[in-house]
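Thanks for sharing this one. Here are some notes on the ligand site and the pockets, in the order I would look at them.

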Amino acid sequence: MKFFIDTANLEQIKEAQALGVLDGVTTNPSLMAKEGITGKDNILKHYVAICNIVDGDVSAEVIATDFEGMVKEGEALADLHPQIVVKLPMIADGIKACKYFTDKGISVNMTLVFSAGQALLAAKAGATYVSPFIGRLDDISTDGLNLISEIRLIYDNYGYETEILAASVRHTMHIIDCAKLGADVMTGPLSAIMGLLKHPLTDIGLAQFLADYKKGN
Ligand code: E4P
């Protein structure tokens, strides 16, 4: 399972990269705004800064909602760096743009996916990644993990190569459950990734080993 970090915070990206388990980064306009990155030029520079930290794919989202606008913006994003994946919203023009980019060999991440039908369309349009937002479904009392299972079943039925990128991951159990269900990728906050490390028996065991070592030395 690939691990992406869902942030535009350079320090957190560096920390995850230093851990040696980071496969990529996802961002969105809200995450950029949270870091105070505003204005087209600053946003583009920030994508390049992220690409220079990580080795893997970096999703950069278009703002346009019409086909021509998405193509223009997406091409400019893809030209920034070979690691850029163009992130497109799950609307009709987004699907058209997805087909346009994938035909040109440019990687696409279809975002704001909330149903199996949307995921099926993304696969048919050749998306590299499909991003079902599991946390936001949980927020409205709908089982986000169930959507991961549905998409896995559909993609396996037909051998679609689009990777299921479980997005809107909020905590450590989301990561474990997505791994059990066969999501190809998860994107979540650094806290959820670091949460995987935690076990009290590890801490107790380590403290005991160190104490016993000191007794004999
Ligand atoms: C995915 O690409 C999105 O950036 C993200 O996972 C959304 O997460 P949120 O629902 O916690 O905002």
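**Notes on the ligand and the two pockets**

1. Let's start with the company the ligand keeps. By class, its shell holds three nonpolar, three polar and four charged residues. Please keep in mind throughout that this is a predicted model.

2. Which residues make up that shell around the ligand? They are Asp6, Thr26, Asn28, Leu31, Lys87, Phe133, Arg136, Ala167, Ser168 and Arg170.

3. Three polar contacts deserve a look in your viewer. Aspartate 6 has a polar side-chain atom 2.7 Å from an oxygen atom of the ligand, and asparagine 28 likewise places a polar side-chain atom 2.7 Å from a ligand oxygen. For lysine 87, an N or O atom of the side chain is 2.6 Å from an oxygen atom of the ligand. As for cover, the ligand on its own has 340 Å² of accessible area, and the protein covers 86% of that.

4. Where does the ligand sit with respect to the pockets? The space it takes is the largest pocket, whose volume is about 380 Å³.

5. The lining of the largest pocket comprises 24 residues, and those nearest its centre are Asp6, Asn28, Leu31, Val169 and Pro189. Asp6, Asn28 and Leu31 also appear in the ligand shell. By class, the lining divides into six nonpolar, twelve polar and six charged residues.

6. Which elements each supply at least two residues of the lining of the largest pocket? These are helix H2 (29–34), strand S8 (185–188) and helix H10 (190–195). The largest share comes from H2, with three residues.

7. Now for the second largest pocket, which has a volume of about 270 Å³. It is lined by 14 residues, and Lys40, Leu44, Ile63, Glu73 and Leu77 are the closest to its centre. Two or more lining residues come from each of H2, helix H3 (40–53) and helix H4 (67–80). H4 gives the largest share here, five residues.

8. What is the make-up by class of the lining of the second largest pocket? It has eight nonpolar, two polar and four charged residues. To set the two linings side by side, the largest pocket has twelve polar residues, while the second largest has two. H2 is worth colouring in your picture, as it supplies residues to the lining of the largest pocket and to that of the second largest.

Conventions:
Residues are numbered from 1 along each chain as its sequence is written. This is a predicted model: local features need pLDDT of at least 70, side-chain atom pairs count only at pLDDT 80 or more; totals for chains, interfaces and linings use all residues. Side-chain values use heavy atoms; hydrogens and water are left out. A residue is near a molecule or strand if one of its heavy atoms lies within 4 Å of it. A polar contact is a pair of N or O atoms within 3.5 Å; within protein, one must be able to donate a hydrogen and the other to accept it, and residues adjacent in sequence count only if both atoms are side-chain atoms. Accessible areas come from the Shrake-Rupley method with a 1.4 Å probe; for residues, only the protein chains shown count as cover. On a 1 Å grid over the protein atoms alone, a cavity is a set of points where a 1.4 Å probe fits but cannot get out, and a pocket is an open set with protein on both sides within 12 Å along at least five of seven lines; lining residues have an atom within 4 Å of a point. A molecule sits in a cavity or pocket if more than half of its atoms lie within 2 Å of its grid points. Ala, Val, Leu, Ile, Met, Phe, Trp, Tyr, Cys and Pro count as nonpolar, Asp, Glu, Lys and Arg as charged, and the others, Gly among them, as polar. Grid points are joined across faces, edges and corners, and a volume is the space filled by probe spheres set on the points. Helices (H or I, at least four residues) and strands (E, at least two) are DSSP runs, numbered from the N terminus.
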